[in-house]
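Hi,

Here is the structure I said I would pass on. Have a look at it first, and my notes on pockets and helix packing follow below.

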Amino acid sequence: MADLLRVQNLREVCGMLLDAVEERFGAEIDLSRVGVDPYWNVDLRAAFEVGNDPAAGIDVGQTSDDLAELRALLRRPADDPPVLWHDLQHLAGVMRLLAYLDLPGIGADQG
């Protein structure tokens, strides 16, 4: 079924892509050299409720906030589980940054 999302497939794809990111940019990326922190973000509800005008759902996200939230997630006690809707949005922000860095003419000089 084409509409079936298999978490294992997603896990494999993430591993493949992160391996490619590491090969392209190295094991650590100095984001202070990249010069991007704020970015346009579409609120999660507005992004998926396409029948409505998304303009009211556009706000500004911050890469530094995304990284801080992901670091905090790694430090959470085992009995404090992730809040998927919140934590996945921060992960998505970082993943979008990685995609941005790979655009022609953007990350080529970053190394």
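The largest pocket holds about 730 Å³ of space. Keep in mind that this is a predicted model. The lining of that pocket is made up of 24 residues, and those nearest its centre are Leu-67, Leu-70, Leu-91, Val-94 and Leu-98. Sorted by class, the lining has 19 nonpolar residues, one polar and four charged. Three helices, α1, α4 (63-75) and α5, each put in at least two residues, and α5 gives the most, with nine.

Then there is the second largest pocket, with about 460 Å³ of space. Its lining has 22 residues, with Asn-41, Val-42, Gln-89, Ala-92 and Gly-93 nearest the centre. Two or more lining residues come from each of β1 (38-42), α3 (44-48), β2 (58-62), α4 and α5. Here too α5 supplies the largest share, nine residues. The class split for this lining is 11 nonpolar, seven polar and four charged.

Since α5 turns up in both linings, I also checked how it packs.

Against α4, the angle is about 130° and the axes are 9 Å apart. That value makes the pair oblique, because over 145° would be needed to count as roughly antiparallel. The α4/α5 crossing is left-handed. On the α4 side the contact uses Thr-63, Asp-65, Asp-66, Leu-67, Glu-69, Leu-70 and Leu-73, and on the α5 side His-86, Asp-87, His-90, Leu-91, Gly-93, Val-94 and Leu-97. That contact is mixed in class, with six nonpolar, four polar and four charged residues. Among its members, Leu-67, Leu-70, Leu-91 and Val-94 are also listed nearest the centre of the largest pocket, while Gly-93 is listed nearest the centre of the second largest one.

Now the other pair: how do α1 and α5 pack, and at what angle? Helix α1 (residues 7-25) meets helix α5 (residues 84-101) at about 45°, with 11 Å between the axes, so these two are oblique to each other as well. Their crossing is left-handed. Leu-18, Val-21, Arg-24 and Phe-25 of α1 touch Met-95, Leu-98 and Leu-101 of α5. By class that is six nonpolar residues, no polar ones and one charged. Leu-98 from this contact is another of the residues nearest the centre of the largest pocket.

If you open just one region, I'd start with α5, given its nine residues in the lining of the largest pocket and nine in that of the second largest.

Cheers

How values were computed:
Residues numbered from 1 in each chain as written. Predicted model: local features only at pLDDT ≥ 70, side-chain atom pairs only at ≥ 80, totals over all residues. Heavy atoms only, no water. Axes fitted to C-alpha atoms, helices over the stretch in contact; angles between N-to-C directions. Helix = DSSP H or I, 4+ residues; strand = E, 2+ residues; numbered from the N terminus. Parallel < 35°, antiparallel > 145°, perpendicular 65-115°, else oblique. Left-handed = near helix turned anticlockwise from the far one by under 90°. Contact = heavy atoms within 4.5 Å. Nonpolar A, V, L, I, M, F, W, Y, C, P; charged D, E, K, R; others polar. 1 Å grid on protein atoms, 1.4 Å probe; cavity = no way out; pocket = protein on both sides within 12 Å on 5 of 7 lines; lining within 4 Å. Points joined across faces, edges and corners; volume = space filled by probe spheres on them.
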